[in-house]
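Please look through the chain displayed below with its sheets, helices and cores in mind. A short briefing on it follows, grouped by topic.

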Amino acid sequence: MSVYKILMISSLTTLTILMSGFVSAKDALSELSKGAIVYNLLNLHADPTRHTLSSVNYQLEGLIPRCTALEITDAGKKRLKFKIKESGIEYSYDFHAKSTPGEFDNHLAKVFAAKCNTALSKNLNNADQAGIKTGLAKKGMSKNGVLLALGYPPEHITPDPKTADQWTYWKNKFNRFIVHFNSKGIVENVQQ
């Protein structure tokens, strides 16, 4: 399967399962091709110097807020390039199969879509709002809020975020942090 043919039901498939009612099937991403305009459904954390991101979802300093308009500049089997429509800054999004099981197409469909529902974050609590705005996990946030703020935790360590009570993220290749949730799915603490 190529990145040019994303499954019709793919946009936020896992997120839809995790947070029911997040998007409808009509908002599904059907194609990633040069020149297409898409939106990031979750905050993206890019390397601000190298202008890179990866499917491992390193929590780097260059925050690209959710629902930013992005123009696809190139799409391949293991790399997607896009530029932020407003600024023109180009980024490279790389796929790492060892830490991201499945196909690149399916992964991309959880992160990008033809439309982005900006109202989703407005219905969340104040801690969620603050975390999404800053791109950080904070005490009191819901799983939905953390997902929008940080994106998906790497699947090889946290394969099922819906049922996991802790999500492990990498700040970079060498440093991790863990978001701990209580039984109600609310962040109790963030272990650095």
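The notes below describe the sheets, then the cores and helices, and then two loop positions.

The model is predicted, and local features are reported where pLDDT is at least 70, while side-chain atom pairs count only at pLDDT 80 or more. Its strands include an open sheet of 6 strands with mixed pairing and an open sheet of 3 strands with antiparallel pairing.

**The six-stranded sheet**

- The strand order in this open sheet is S3-S7-S6-S5-S1-S8, and the pairing is mixed; strand S3 (52–54) and strand S8 (112–113) form the edges, each pairing on one side only.
- Strand S5 (residues 69–75) runs antiparallel to S6, with 5 bridges between them, and Glu71 has Lys83 in S6 as its bridge partner.
- The connection from S5 to S6 is a hairpin that passes through 3 residues.
- S6 also pairs in the antiparallel sense with strand S7 (residues 90–94), again over 5 bridges, and here the bridge partner of Lys81 is Ser92 in S7.
- The hairpin of S6 and S7 has 5 residues between the strands, and within this hairpin Gly88 adopts a positive phi near 80°.
- Side chains alternate along strand S6 (residues 79–84): Leu80, Phe82 and Ile84 are buried and point to one face, whereas Arg79, Lys81 and Lys83 point to the other face and are not buried.

**The three-stranded sheet**

- This open sheet has the order S9-S10-S11 with antiparallel pairing, and its edge strands, each pairing on one side only, are strand S9 (166–170) and strand S11 (187–191).
- Neighbouring strands of this sheet are turned against each other by 15° on average, with direction ignored.
- S9 and strand S10 (residues 176–181) are joined in the antiparallel sense by 5 bridges, and Trp170 stands opposite Arg176 in S10.

**Nonpolar cores**

- In soluble globular proteins, nonpolar side chains tend to be buried together.
- The largest nonpolar core of this model holds 22 residues, of which Val146, Leu150, Trp167, Tyr169 and Val179 touch the most other members.
- At least two residues of this core come from each of helix H5 (143–150), S9 and S10, and the largest share, 5 residues, is supplied by H5.
- Setting aside neighbours within four places in sequence, Tyr169 is in contact with residues that include Val146, Leu150, Tyr152, Pro153, Pro154, Phe177 and Val179, and its contacts also include Asn57, Gln59 and Arg176.
- Another core, of 20 residues, lies apart from the largest one, and its members include Ile72, Leu80, Tyr93 and Val111.

**Helices**

- Helix H4 (residues 126–134) packs with H5 at an angle of about 10°, and the two axes are 8 Å apart.
- Because angles under 35 degrees count as roughly parallel, H4 and H5 are therefore roughly parallel to each other.
- In this contact, Asp128, Gly131 and Ile132 of H4 meet Gly145, Leu148 and Ala149 of H5; sorted by class, the contact of H4 with H5 has 3 nonpolar, 2 polar and 1 charged residues.
- Helix H2 (residues 104–111) is mostly covered, with 7 of its 8 residues buried; these are Phe104, Asp105, His107, Leu108, Ala109, Lys110 and Val111.

**Two loop positions**

- Where along the chain is the place of Pro101? Pro101 is in the loop between S7 and H2, and it counts as partly exposed because its relative accessibility is 45%.
- Not counting residues up to four places away in sequence, Pro101 touches Glu155 and His156; the C-alpha atoms of Pro101 and His156 are separated by 7.2 Å, although these residues are 55 residues apart along the chain.
- Is Thr49 buried or exposed? Thr49, which has its place in the loop between strand S2 (44–46) and S3, is exposed, since its relative accessible area is 68% and the cut-off for exposed is over 50%.
- Thr49 and Glu61 are 12 residues apart in sequence, and the separation from C-alpha to C-alpha is 9.6 Å.

Definitions and conventions: Residues are numbered from 1 along each chain as its sequence is written. Side-chain values use heavy atoms; hydrogens and water are left out. Two strands pair if DSSP finds at least two bridges between them. Helices (H or I, at least four residues) and strands (E, at least two) are DSSP runs, numbered from the N terminus. Axes are lines fitted to C-alpha atoms, for helices over the stretch in contact, and angles run from 0 to 180 degrees between N-to-C directions. A nonpolar core is a set of buried Ala, Val, Leu, Ile, Met, Phe, Trp, Tyr and Cys residues joined through side-chain atoms within 4.5 Å. Buried means under 20% relative accessible area, exposed over 50%, partly exposed in between (1.4 Å probe, protein chains only). Contact means heavy atoms within 4.5 Å. Angles under 35 degrees count as roughly parallel, over 145 as roughly antiparallel, 65 to 115 as roughly perpendicular and the rest as oblique. Ala, Val, Leu, Ile, Met, Phe, Trp, Tyr, Cys and Pro count as nonpolar, Asp, Glu, Lys and Arg as charged, and the others, Gly among them, as polar.
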